[in-house]
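Colleague: Before I rely on the descriptive terms used for this structure, I would like to hear the reasoning behind each of them. Could you take me through it?

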Amino acid sequence: MNFNFLGDSRFSSKRFAAAILLTSGTLAWFFLIQFNIGNLFTNAAALLFYVFAAVSAIAASLISGKVDNRIFIFCWIALGVLSTVLLTLFPQRVFMPFLSSLLGLSLGLGLPSTMAFIADCTFIEERARISGITIFGTFGLAIFVMITTRILDFGLSTLILLFALVRSTSFLALVLDKFDEKNMRKEEVPRPDYKDFVSYIIPWMMFIFVSMLAWNLIPQDQYTSAVTVGQMFRFICIAVFGFISGFIADRFGRKPSIIIGLIVLGVSFAILGQGMSESNVIVYLTTSGVAWGSFFAMYLVIPGDLSISGSREKFYALITVLPMILLGSVPFIPGLADFTRYSSSFSQILSLILFLSIIPVLRAKETLPDIKMRERRLKDHVEKVGKLVSKSKKKE
Amino acid sequence: MSPGKTLAFHSYKGGTGKTTLISNLAAFFAKRGMRVCLLDFDLYAPSQSIYFRKNSRLYLNNLLNGEAEISDVLVDLSSELGLNGKLFLGFSSPGKEDVRDIEIKHEMKWQLAALRRFLSAKNQLFEEYKIDYLFLDTSPGIRYWSINTLATADILFLVMKNSDMDIEVFYNP
């Protein structure tokens with residue numbers, strides 16, 4: 001059975017669901033932990049989480065292809081579920097360094113492989129849509145869990161168990177797909193394109209860095225309800241605009257989506273720079289969700305576009321590791337607290353940095369070949385002409 | 001339901017003799033007493049005006065742009081060629097600017113608007129001019145106006161040379 005949602009795709013529905021479940025379950029788990037129980041971890045424990053995630057992602061990308069994919073994926077998901085459940089059994093602070101390391105390990109080990117799986121079984125002209133749907137699935141799941149927890153008002157232990165359940169949804173992927181080498185698509189670029197990859201990594205890093213700094217600008221104790229509401233809107237926007245960006249990127253190329261993301265985030269900082277207020281915090285978080293949506297979808301695509309089977313895990317590891325290093329290290333930047341006090345001018349500087357990071361994107365090669373875009377336009381044209389002519393024949 | 005038929009002649013490659021074939025067929029049908037119209041939809045490389053050594057004040061390009069009606073574009077060659085029936089010709093502009101213009105006009109909005117104008121002109125040809133056969137000469141290959149033209153036809157003729165290469169590109173363009 002083939003999946004018709006993508007129109008011209010020959011992506012089987014089972015493989016489609018498997019690719020989405022595998023990545024979405026893990027990413028949704030990560031974002032839920034980060035935003036809901038992130039305060040359980042001290043800065044040092046959070047740093048351990050990111051360091052272990054980053055190191056394990058690099059290690060896993062180096063040994064990819066040398067282990068049985070199916071068993072590896074099973075162990076990776078099981079580790080994620082187990083380490084989450086352990087949080088409820090050992091909530092004492094003394095266990096936190098160990099548990100955060102374990103959680104980090106359970107994130108990093110398989111993430112590059114699962115992202116590469118999406119690229120391995122898709123054609124370049126449908127990859128962005130699949131990525132967009134994956135982001136939609138990720139944040140759709142996260143929003144559902146967030147709303148459920150708000151309505152049912154779960155205690156911490158139940159909440160953590162619910163997150164473990166979210167993580168375990170990835171197990172379904174193993175039921176749906178065999179994860180063998182067969183049916184993987186061997187095509188795309190003749191050799192990995194490292195030069196353009198660097199041009200795309202710069203805005204990605206800037207985007208994460210600037211977003212992290214901006215997050216630190218918001219006095220969260222003072223604006224708790226605004227942050228909660230804004231966070232919900234942000235997740236909704238990420239889901240919706242991730243989905244939309246995927247469709248835009250398969251039609252007009254990857255660069256427009258990235259540029260839109262950078263501009264929207266720049267604008268959202270400018271809003272925050274107008275002054276800190278509840279409404280500005282909500283508007284900022286919501287608007288930045290649009291930017292995050294397009295960025296998440298695009299950075300699930302670009303490493304796959306620029307790499308070939310076998311090297312993909314390394315590309316995805318880099319995309320995953322670099323933000324983790326930033327996420328872990330931002331709280332340790334000396335003098336950041338003093339600097340962020342001048343939030344207004346600080347926001348303007350962040351906006352400027354974002355606008356400047358458009359330059360490497362403009363210089364980079366568009367990863368979706370022009371011929372694929374023309375083919376798509378022509379296909380759309382044929383469909384519309386067909387409809388117009390048959391309508392005219394009916395009139396006759 | 002219009003009584004007339006629309007016949008489009010297409011080829012994947014150029015130089016297959018499509019224009020020669022369609023022009024002669026149109027003239028033959030008109031000579032046999034039928035009312036025929038031949039429109040040169042090879043907008044990217046017009047050749048009918050050269051073939052018939054005729055010109056017109058307004059072209060199909062003007063019709064597609066909404067600057068002219070079908071009646072302004074048609075040239076009646078029936079009496080000149082001594083035909084029993086009628087032969088109307090519609091040329092596309094051989095001007096460099098017009099050819100370049102059509103090459104770069106890919107916006108869907110314009111394409112659909114132009115196609116709507118053509119469909120309306122086609123109806124007019126069958127209803128007012130009582131055309132029996134409308135011949136459409138298309139541009140070779142898969143291009144916007146060859147697709148538009150082919151979509152409007154009742155019968156499609158694919159013209160190719162008897163060579164392996166021509167047959168191969170037909171199946172795998």
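Modeller: What follows is a set of questions about helix packing, a salt bridge and the chain interface, and please keep in mind that this is a predicted model.

Colleague: Why are H9(A) and H14(A) called roughly parallel to each other?

Modeller: The axes of helix H9 (residues 194–217) of chain A and helix H14 (residues 312–329) of chain A come within 10 Å and cross at roughly 25°. Angles under 35 degrees count as roughly parallel, and H9(A) and H14(A) are therefore given that description; their crossing is right-handed.

Colleague: What makes up the contact of H9(A) with H14(A), by class?

Modeller: H9(A) contributes residues including A:Phe197, A:Trp204 and A:Phe209, while H14(A) contributes, among them, A:Phe315, A:Pro323 and A:Leu327. By class, this contact has 15 nonpolar, no polar and no charged residues.

Colleague: Why, then, are H6(A) and H7(A) called roughly antiparallel?

Modeller: The axes of H6(A) and helix H7 (residues 156–168) of chain A come within 11 Å, and they cross at roughly 160°. Angles over 145 degrees count as roughly antiparallel, and the description of H6(A) and H7(A) therefore follows, with H6(A) passing H7(A) in a right-handed crossing.

Colleague: Which residues of H6(A) and H7(A) meet?

Modeller: A:Leu141, A:Val145 and A:Thr149 in H6(A) meet A:Leu159, A:Leu162, A:Phe163 and A:Val166 in H7(A). Sorted by class, the contact has six nonpolar, one polar and no charged residues.

Colleague: How do you know that the side chains of A:Asp250 and A:Arg129 meet in a salt bridge?

Modeller: The cut-off is a side-chain nitrogen of Lys or Arg within 4 Å of a carboxyl oxygen of Asp or Glu, and for A:Asp250 and A:Arg129 the N to O value is 2.7 Å, so the pair qualifies as a salt bridge. A:Asp250 lies in helix H10 (residues 224–252) of chain A and A:Arg129 in helix H6 (residues 124–152) of chain A, so the pair ties together parts that are 121 residues apart in sequence.

Colleague: How many salt bridges does the rule find across the interface of chain B and chain A?

Modeller: Across that interface the rule finds zero salt bridges, whereas over all chains the count comes to 12.

Colleague: What, then, is in contact between chain B and chain A, and how much area do they bury?

Modeller: In this interface, 17 residues of chain B are in contact with 12 residues of chain A, and the two chains bury about 1,400 Å² between them, 68% of it on carbon and sulfur atoms. B:Met108, B:Tyr144 and B:Ile147 supply 35% of the area that chain B buries against chain A, more than any other three residues.

Key:
Residues are numbered from 1 along each chain as its sequence is written. Chains are lettered from A and ligands numbered from 1 in the order in which they are written. This is a predicted model: local features need pLDDT of at least 70, side-chain atom pairs count only at pLDDT 80 or more; totals for chains, interfaces and linings use all residues. Side-chain values use heavy atoms; hydrogens and water are left out. Axes are lines fitted to C-alpha atoms, for helices over the stretch in contact, and angles run from 0 to 180 degrees between N-to-C directions. Helices (H or I, at least four residues) and strands (E, at least two) are DSSP runs, numbered from the N terminus. Angles under 35 degrees count as roughly parallel, over 145 as roughly antiparallel, 65 to 115 as roughly perpendicular and the rest as oblique. A crossing is left-handed if the near helix is turned anticlockwise from the far one by less than a right angle, and right-handed if clockwise. Contact means heavy atoms within 4.5 Å. Ala, Val, Leu, Ile, Met, Phe, Trp, Tyr, Cys and Pro count as nonpolar, Asp, Glu, Lys and Arg as charged, and the others, Gly among them, as polar. Buried area is the accessible area (1.4 Å probe) that two parts lose on being put together, summed over both.
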